[in-house]
Amino acid sequence: MLSRQSTRSFSVSMSGTSQGRASAAVAQSKEKSTGKKEKLDLKPPKGTRDFYPEDMRMRNWLFGHWKDVARLHGFEEYDAPVLESEELYIRKAGEEVTQQLYNFEDKGERRVSLRPEMTPSLARMVMARGKSLTLPVKWFSIPQCWRYERMTRGRRREHYQWNMDIWGVPGIEAEAELLSAIVTFFKRVGITSQDVGIKVNSRAVLSEVLTAMGVPADKFAATCVLVDKLEKVKLDDIRGEMQELGLTDEIITKLVATLSIKDLDALEQTLGNGSKALAQLKQLMEYAEAYGFRDWLIFDASVVRGLAYYTGVVFEGFDRKGELRAICGGGRYDELLATFGGEPLPAVGFGFGDAVIAELLKDRNLLPNFDNNKEDKKMKWAFKHAERLGASHLVIIGEDEIAKGIVQVKNLAKGEQVEVEVSKVSDFIAEQLASS
């Protein structure tokens, strides 16, 4: 664990220091001398949000989809405290997350932090239950997370994150199930594979390359963290750090060449057909084909993700227009419990932030109208949404229909709308489809 002096994270004091008391005294003195109270800043702290009723309607709509998809795939919900021990997040691989903590010393002189991500809390909970847990564990959560980072569109200092994790399954079918859940959500809200793609890779690819070139295993995680930065900075900006890890110019050249590979055939030429990483990626693509989401996946050897604990397959959802940051991401982290002093346990999971997906849905005009006074716009959105999904019919029901025991069924291809008894809706649509 890093020492307190070497931790370059964002620190605040919550313990009522003399400086804080002095500031309050100065403010009170100003109020007495002027007879006026200082005007309250009505904005929330920078990087955070207020949720007015219409914002809550949108948030509940989004969270509702996330929860429905998770439960559809057989996951159970859990939660953990937003305040955790600081040591849960301090790792030695140079991750940005360790430098972005909202951390401080509490009144009991304990080093604590607001959680920047959920996975370490989940790992702690899994370790606490130990062998009493029935495997596989399939859990999901929607925690609020905090990072003191530079803000861009879709990136805030607090955000909610949909997490789904599977523990106890060593096979690639776990990754396939999580990717299926992500795609299922996208489809439910009208996002298509033309809007979003999912880049897939395995850290085992780099591991095989680096091992073949004599790079020690204990340098691997730190190398991956540096490689992840290449999306934001030039190679020369981090070359010195790579050399400090013992990577020679020859190794760096080979590494960069591997990162440029964009298809599995080219990867096979680099690794050989006996590569375990290659076999695993091929199997994942076969599962994706069987699940029906192969068109969403793109192999990209440059994707390694920025967290040190990933060990195998990693993936990242991206906006095909290139206007937004990563939409979601995750991967396999089989060794995480070992870093906390426990026994290794196969695990894979993902995080999916609310801020980026909200921006994407706005851009694609896929959000319902959350103003209760504009029912006409809600109906227009419903018709457009049905068309985007390629639905053949739209079933409409309101108070009048409920009273009569009927629904309105609109044939979207023909533009025809008729009343149908509730009990006969399925047969009516089937007959129309059969005759079309």
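This is a guided tour of selected places in a predicted model.

**Stop 1: strand 9 and its partners**

Begin by selecting strand 9, residues 196-202. This strand is mostly covered, with 6 of its 7 residues buried. Now add strand 11 (313-319) to the selection. Strands 9 and 11 run antiparallel and are joined by 7 bridges. Within this pairing, Lys 199 has Glu 316 of strand 11 as its bridge partner.

Next, display strand 10 (297-299). Its pairing with strand 9 is in the parallel sense and extends over 3 bridges. Look here for Val 200, which stands opposite Phe 299 of strand 10.

Before leaving, show the side chain of Lys 199 together with the ring of Phe 318. Lys 199 lies over the face of Phe 318, and the distance to the ring centre is 4.9 Å.

**Stop 2: Asp 300**

Move on to Asp 300, which is placed in the loop between strand 10 and strand 11. Is Asp 300 buried or exposed? Its relative accessible area is 6%, and since buried means under 20%, Asp 300 is buried. Select its surroundings next: apart from neighbours within four places in sequence, Asp 300 is in contact with Lys 199, Val 200, Asn 201, Leu 259, Ile 261 and Lys 262.

**Stop 3: helix 9**

Select helix 9, residues 264-271, and show Leu 264, Leu 267 and Leu 271, which are buried. Turn the view so that you look down the helix axis. Which part of the helix do the buried residues line? They fall within an arc of 50°, so they line one face of helix 9. A general rule helps here: an α-helix has 3.6 residues a turn, so residues three or four places apart point the same way.

On the other side of helix 9, find Asp 265 and Gln 269, both of which are exposed. To see what the buried residues pack against, add helix 5 (203-212), helix 10 (276-291) and strand 10.

**Stop 4: aromatic rings**

Now colour the aromatic residues; the model contains 21 aromatic pairs. Select Phe 185 and Phe 186. Their ring centres are 5.9 Å apart and their planes stand at 45°, so this pair is tilted. Phe 185 and Phe 186 are both buried.

Compare Tyr 309 with Tyr 333. With ring centres 5.7 Å apart and planes at 65°, this pair is edge-to-face. The two residues belong to distant parts of the chain, 24 residues apart. Tyr 309 is in the loop between strand 10 and strand 11, whereas Tyr 333 is in the loop between strand 12 (328-332) and helix 11 (336-339). Both tyrosines, Tyr 309 and Tyr 333, are buried.

Then select one aromatic cluster, formed by Phe 51, Phe 63, Trp 66, Tyr 160, Trp 162, Phe 185, Phe 186, Trp 296, Phe 350 and Phe 352. At Phe 51, add Arg 59: the charged end of Arg 59 sits over the ring, 4.6 Å from its centre.

**Stop 5: an open sheet**

Finish at the open sheet of 3 strands, whose order is 14-15-16 and whose pairing is antiparallel. Strand 14 (393-396) and strand 16 (416-421) are at the edges; each has a single partner strand, so one side of each lacks a neighbour in the sheet. On average, neighbouring strands of this sheet are turned by 25° against each other, direction ignored.

Zoom in on strand 14 and strand 15 (residues 406-411), which are joined by 4 bridges. Here, Val 395 stands opposite Val 409 of strand 15.

Note on methods:
Residues numbered from 1 in each chain as written. Predicted model: local features only at pLDDT ≥ 70, side-chain atom pairs only at ≥ 80, totals over all residues. Heavy atoms only, no water. Pairing = 2+ DSSP bridges. Axes fitted to C-alpha atoms, helices over the stretch in contact; angles between N-to-C directions. Buried < 20%, exposed > 50% of the residue type's maximum accessible area, 1.4 Å probe, protein only. Contact = heavy atoms within 4.5 Å. Phe/Tyr/Trp six-rings, centres within 6.5 Å; stacked < 30°, edge-to-face > 60°. Lys NZ or Arg CZ within 6 Å of the ring centre and 35° of its normal. Arc of directions from axis to C-beta.
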